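New to this one? Here is a quick briefing to read with the sequence and the 3D view open side by side.

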Amino acid sequence: MRNIVAVAGLPGSGKTTVARIIEKRGYTYLSLGDVVRAEAQKSGLSPDRVAVTLRLDRGRRAVAHRLLSSVRLGQRAVIDGVRSIEEIDAIEEALGTVFLIYVVASRKTRYNRLASRGRGDDPATYAQFLLRDIRELRFGLADLLARADYVLVNENKPIEDIEQEISYIL
């Protein structure tokens, strides 16, 4: 049984969909993006600016440390939106071994998902989408692909297939 599952991937890849499926299997859902959005709301800054500022001012583990204050040792949790090896390290130091799922989808699919999602921090243009990808990769997201315990391809799959795949790996 895996107690701590982390989900990583570029924006629009389907991280939250995967994490919510795992939540239905009895895991507590936690989102690093929610930490950033809450801080953005408090500070009046954009989530993009807060994501960068927190990590530059307080280190690559800053967002994970804020999230970890609400997690109990021994709790089964799925952590949505891990961005770097340093965040994985912080989570493992606090909670134990992390099983990392890296979700991938094509650029076209991801852009279409973000364009239809309607969240305030979604890119309005394709150029903004590409810049966001670059920012996410600079956080260390690409390094997580090499660290992943499982790579889930989320391209034109029915939700039932994703659920079955998750049943297989967990």
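**Helix α9 and its surroundings**

Helix α9 runs over residues 159–169, and its buried residues are Ile162, Glu165, Ile166 and Ile169. Looking down the axis of α9, you find these buried residues within an arc of 100 degrees, so they line one face of the helix. Keep in mind that this is a predicted model. The points below start from this helix and then move on to other helices, a pocket and a few single residues.

**More on α9**

- Turn to the other side of α9 and you meet Glu160, Gln164 and Tyr168, which are exposed.
- The cover over the buried residues of α9 includes α1, β4 (98–104) and β5 (150–153).

**The loop before α9**

- Asn156 sits in the loop between β5 and α9.
- With 71% relative accessibility, Asn156 counts as exposed, because the cut-off for exposed is over 50%.
- The backbone of Asn156 is worth a look: its phi is near 55 degrees, a positive value in a residue other than glycine.
- For background, most residues other than glycine have a negative phi.

**Helix α1**

- α1 has its own set of buried residues: Lys15, Val18, Ala19, Ile21 and Ile22.
- Seen down the axis of α1, these buried residues fall within an arc of 155 degrees, so here too they line one face of the helix.
- Among the elements covering the buried residues of α1 are β1 (4–8), β2, β3 (77–80), β4, β5 and α9.

**Leu30 in strand β2**

- Strand β2 is home to Leu30.
- Is Leu30 buried or exposed? Leu30 is buried, with a relative accessible area of 11%.
- Leaving aside neighbours within four places in sequence, Leu30 is in contact with Leu67, Ser70, Val71, Ala77, Val78, Ile79 and Asp80.
- Take Asp80 from that list: Leu30 and Asp80 are 50 residues apart in sequence, yet their C-alpha atoms are 6.1 Å apart in space.

**Helix α3**

- α3 covers residues 47–58, which makes 12 residues.
- From its first C-alpha to its last, α3 reaches 16 Å, close to the 16 Å expected at 1.5 Å a residue.
- Which residues of α3 are buried? They are Val50, Ala51, Leu54 and Arg55.
- Down the axis of α3, the buried residues fall within an arc of 120 degrees, so they line one face of the helix.
- On the other side of α3, you will see Arg49, Leu56 and Asp57 exposed.
- The buried residues of α3 pack against four helices you can pick out by number: α2 (32–43), α4 (62–68), α5 (85–95) and α7 (126–139).
- Just after α3 comes Gly59, with a positive phi near 100 degrees.

**Ala51, up close**

- Ala51 is part of helix α3, and Ala51 is buried, with a relative accessible area of 6%.
- Not counting neighbours within four places in sequence, Ala51 is in contact with Val36 and Phe139.
- Ala51 and Pro11 are 40 residues apart along the chain, and their C-alpha atoms are separated by 13 Å.

**The largest pocket**

- The largest pocket has a volume of about 470 Å³.
- Its lining is made up of 30 residues, and Arg37, Arg83, Arg117, Arg119 and Arg132 lie nearest the centre of the pocket.
- The elements that give two or more residues to the lining are α1 (15–23), β2 (28–31), α2, α3, α6 (107–117) and α7.
- Which element gives the most to the lining of the largest pocket? That is α2, with 5 residues.
- By residue kind, the lining of the largest pocket splits into 8 nonpolar, 8 polar and 14 charged.

**Arg132, one of the pocket's arginines**

- You will find Arg132 in helix α7, and Arg132 is among the residues nearest the centre of the largest pocket.
- Arg132 counts as buried because its relative accessible area is 7%, and the cut-off for buried is under 20%.
- Setting aside residues up to four places away in sequence, Arg132 touches Pro11, Arg117, Arg119, Asp121, Asp122 and Pro123.
- Two of those partners, Arg117 and Arg119, are also listed with Arg132 as lying nearest the centre of the pocket.

Methods
Residues numbered from 1 in each chain as written. Predicted model: local features only at pLDDT ≥ 70, side-chain atom pairs only at ≥ 80, totals over all residues. Heavy atoms only, no water. Expected span 1.5 Å × (residues − 1). Buried < 20%, exposed > 50% of the residue type's maximum accessible area, 1.4 Å probe, protein only. Arc of directions from axis to C-beta. Contact = heavy atoms within 4.5 Å. 1 Å grid on protein atoms, 1.4 Å probe; cavity = no way out; pocket = protein on both sides within 12 Å on 5 of 7 lines; lining within 4 Å. Points joined across faces, edges and corners; volume = space filled by probe spheres on them. Nonpolar A, V, L, I, M, F, W, Y, C, P; charged D, E, K, R; others polar.
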